[in-house]
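The following explanation leads the reader through the salt bridges, a helix contact and the nonpolar cores of a single chain. Please keep the sequence and the coordinates at hand while reading.

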Amino acid sequence: MTNDSTGTKLAESDDFPALGRPDAGLVLIAEWYTEDAERQRLVMDTVVDAWAGAELPEAFLSRHCLMGSDGRTILNYAQWTDSAAHYAFTADPANQRAIAASVQAVTTVGPPGRYTHDRVVRLREAPIRTLSATRSDDGVAQYFHRGEDGKRVHVLTAHDDEGGGTALRFRPYRGVVREIREAVRLRG
């Protein structure tokens, strides 16, 4: 799928977002709540479809919806090259009509938290199967995101299991991703 003026391709993904992506200067994180699993899927599909069909600038890197194990919660995770590019995109009325209207038709949510990736702490080597939105001693790794305002920290903990059902865990649902450019790979 090509959906910007530069011809750079975006791909749909059902994997986890690349947490700590080296070209991401802005990370947007929000937890959304729905009534039930049917509504949860409707909201996630609508959001991903809206972003996949929009004219997105080169500064857009990815947007993922992760499905909460409670059948109601969504973890929305988006990455941009920088904050100014995101503000410019959201200020354009055409972009507001293309994306905001379709999302607002299925859910009412406030603005996401604005973060930069701060660091990752690897607790042990294992594949990631779920994420939680809090620190946890039973994790594989913890990804720290520092708020743009310098007052908040958001921690996503990666786990190698689905959990025992007592704590909310997120697993991938759908996303739209721009490939990491080779020059960035060489730097990272």
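**Salt bridges, helix contact and cores**

The structure holds 13 salt bridges. The model that contains them is predicted. One of these pairs joins R174 to E12, with the closest N and O atoms 3.0 Å apart. The two partners come from distant parts of the chain: R174 belongs to strand β9 and E12 to strand β1 (residues 10-13), 162 residues apart. R174 counts as buried, because its relative accessibility is 17% and the limit for burial is under 20%. E12, at 41% relative accessibility, counts as partly exposed. The pair also belongs to a wider arrangement, since E12, D45, D49 and R174 are linked in a network of salt bridges.

A further salt bridge connects the side chains of D138 and R169, at 3.3 Å from N to O. D138 lies in the loop between β6 (130-132) and β7 (141-147), and R169 in the loop between β8 (153-159) and β9, so this pair ties together parts that are 31 residues apart in sequence. R169 is buried, with a relative accessible area of 7%, whereas D138 counts as partly exposed at 39% relative accessibility.

The side chains of D118 and R119 likewise meet in a salt bridge, at 2.6 Å from N to O. Here D118 is partly exposed, with a relative accessible area of 30%, and R119 is partly exposed as well, with 42%.

Attention now turns to the helices. The axes of α2 and α3 come within 5 Å and cross at roughly 80°, which means that α2 is roughly perpendicular to α3. On the α2 side, F89, T90 and A91 take part in the contact, and they meet P93, N95, Q96 and I99 of α3. By character, the residues of this contact divide into four nonpolar, three polar and no charged.

The nonpolar interior remains to be described. The largest nonpolar core has 28 residues, of which V47, W51, L56, F60, W80 and I99 touch the most other members. At least two residues of this core come from each of β2 (26-33), α1 (37-52), β3 (60-68), β4 (73-80), α2 (83-91), α3 (93-104) and β9 (170-178). The largest share, seven residues, is supplied by α1. A second, separate core comprises 14 residues, among them V27, I29, Y77 and F170.

I99 thus appears in two settings: I99 is part of the contact of α3 with α2, and I99 is also among the residues that touch the most other members of the largest core.

Key:
Residues are numbered from 1 along each chain as its sequence is written. This is a predicted model: local features need pLDDT of at least 70, side-chain atom pairs count only at pLDDT 80 or more; totals for chains, interfaces and linings use all residues. Side-chain values use heavy atoms; hydrogens and water are left out. A nonpolar core is a set of buried Ala, Val, Leu, Ile, Met, Phe, Trp, Tyr and Cys residues joined through side-chain atoms within 4.5 Å. Buried means under 20% relative accessible area, exposed over 50%, partly exposed in between (1.4 Å probe, protein chains only). Helices (H or I, at least four residues) and strands (E, at least two) are DSSP runs, numbered from the N terminus. Axes are lines fitted to C-alpha atoms, for helices over the stretch in contact, and angles run from 0 to 180 degrees between N-to-C directions. Angles under 35 degrees count as roughly parallel, over 145 as roughly antiparallel, 65 to 115 as roughly perpendicular and the rest as oblique. Contact means heavy atoms within 4.5 Å. Ala, Val, Leu, Ile, Met, Phe, Trp, Tyr, Cys and Pro count as nonpolar, Asp, Glu, Lys and Arg as charged, and the others, Gly among them, as polar. A salt bridge is a side-chain nitrogen of Lys or Arg within 4 Å of a carboxyl oxygen of Asp or Glu.
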